[in-house]
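Student: Could you take me through one part of this protein in detail? I'd like a close look at the open sheet and what packs around it.

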Amino acid sequence: MTMNEATPLPDNLADMLPVGMLANGGIAAEAMAAVANRQHDTPGWEAFHYERVSETQFDITGGVAVMAGGMKKWPGPHETVSVTEAEILEEMRRHLTSNVLPILSEKPAPHIPHLTGASKTTLLNVVFALPEDEAGRQRILKAFHLQADFFGARVQACSLVEQI
């Protein structure tokens with residue numbers, strides 16, 4: 001992958017292996033999966049494999065995943081969508097720009113009325129990119145309801161923000 005000096009992203013995907021699995025494949029594999037999942041647009045369908053079919057095009061294979069023995073498997077029928085290198089690179093750029101926020105910021109903590117007057121409290125701000133499918137979104141939203149407890153940390157505030 002020839003790297004662009006302005007950003008830590010490649011100019012092209014020429015150095016990628018001709019075939020591979022998308023799991024744990026880094027930002028290029030994540031971008032391939034995201035583009036393919038959007039194009040296929042079927043609830044529960046997930047991309048898992050790629051194959052370069054030309055200099056500028058990849059076939060991405062996926063199916064409906066199930067958990068079996070603690071591992072994700074795709075036992076049903078598989079379908080393939082074609083994505084271009086340009087689409088993958090654009091998704092990688094989008095991913096980079098949406099993740100440029102620092103992990104810990106120096107911004108003051110939001111005012112949360114029921115914490116006022118309490119001893120000094122450290123808050124952790126987390127931003128999730130919600131899944132595209134409605135069922136996935138609802139699982140996340142239910143898990144992070146107000147006052148949900150995660151190892152002693154309680155959810156104090158939540159908000160949905162549409163990214164433009």
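Tutor: Here is a walk through the sheet, strand by strand, and then through the core.

Keep in mind that this is a predicted model. For orientation, the protein has three helices and eight strands, and along the sequence they follow the pattern β-α-β-β-β-β-β-α-α-β-β. The part you asked about is an open sheet of four strands in the order β1-β2-β3-β6, with antiparallel pairing. Its edges are β1 (19-21) and β6 (79-84), each of which pairs on one side only. On average, neighbouring strands in this sheet are turned by 30° against each other, direction ignored.

Let's start at the β1 edge. Strand β1 runs antiparallel to β2 (residues 45-52), and three bridges join the two. If you want a spot to look at there, find M21, which stands opposite H49 in β2.

Step across to the next pair, and you'll find β2 and β3 running antiparallel with seven bridges between them. A hairpin makes this connection, taking the chain from β2 to β3 through four residues. A handy marker here is Y50, which stands opposite I60 in β3.

The last step takes you to the other edge: β3 and β6 pair in the antiparallel sense over six bridges. Here G62 has E79 in β6 as its bridge partner.

Now stay with I60 for a moment, since its contacts reach in several directions. Leaving out residues up to four places away in sequence, I60 touches L22, M32, A36, W45, A47, H49, Y50, E79, T80, V81 and V83. So which elements supply the core around this part of the model? The largest nonpolar core has 21 residues, and the ones touching the most other members are L13, L22, M32, F58, I60, I88 and M92. The elements that give two or more residues to it are α1 (26-40), β2, β3 (57-64), β6 and α2 (85-98). Helix α1 gives the most, with seven residues.

F58 deserves its own look, and so does the ring beside it. A search of the whole structure finds two aromatic pairs. In one of them, the rings of Y50 and F58 have centres 6.0 Å apart and planes at 65°, so the pair is edge-to-face; the cut-off for that label is an angle over 60 degrees. Are these two residues buried or exposed? Y50 has 6% relative accessibility and F58 has 0%, so both count as buried, the limit being under 20%.

For a wider view, 22% of the protein's 164 residues count as buried. The protein exposes about 12100 Å², with carbon and sulfur atoms supplying 58% of that area. Among contacts with a separation of 6 or more, 45% come from residues 24 or more positions apart.

One such long-range approach lies away from the strands we've followed. G136 sits in helix α3 (residues 134-143) and is buried, with a relative accessible area of 3%. Its C-alpha atom is separated by 9.2 Å from that of P43, although G136 and P43 are 93 residues apart along the chain.

Note on methods: Residues are numbered from 1 along each chain as its sequence is written. This is a predicted model: local features need pLDDT of at least 70, side-chain atom pairs count only at pLDDT 80 or more; totals for chains, interfaces and linings use all residues. Side-chain values use heavy atoms; hydrogens and water are left out. Two strands pair if DSSP finds at least two bridges between them. Axes are lines fitted to C-alpha atoms, for helices over the stretch in contact, and angles run from 0 to 180 degrees between N-to-C directions. Buried means under 20% relative accessible area, exposed over 50%, partly exposed in between (1.4 Å probe, protein chains only). Contact means heavy atoms within 4.5 Å. Accessible areas come from the Shrake-Rupley method with a 1.4 Å probe; for residues, only the protein chains shown count as cover. A nonpolar core is a set of buried Ala, Val, Leu, Ile, Met, Phe, Trp, Tyr and Cys residues joined through side-chain atoms within 4.5 Å. Rings of Phe, Tyr and Trp (its six-membered ring) pair if their centres lie within 6.5 Å; planes under 30 degrees apart count as stacked, over 60 as edge-to-face and the rest as tilted.
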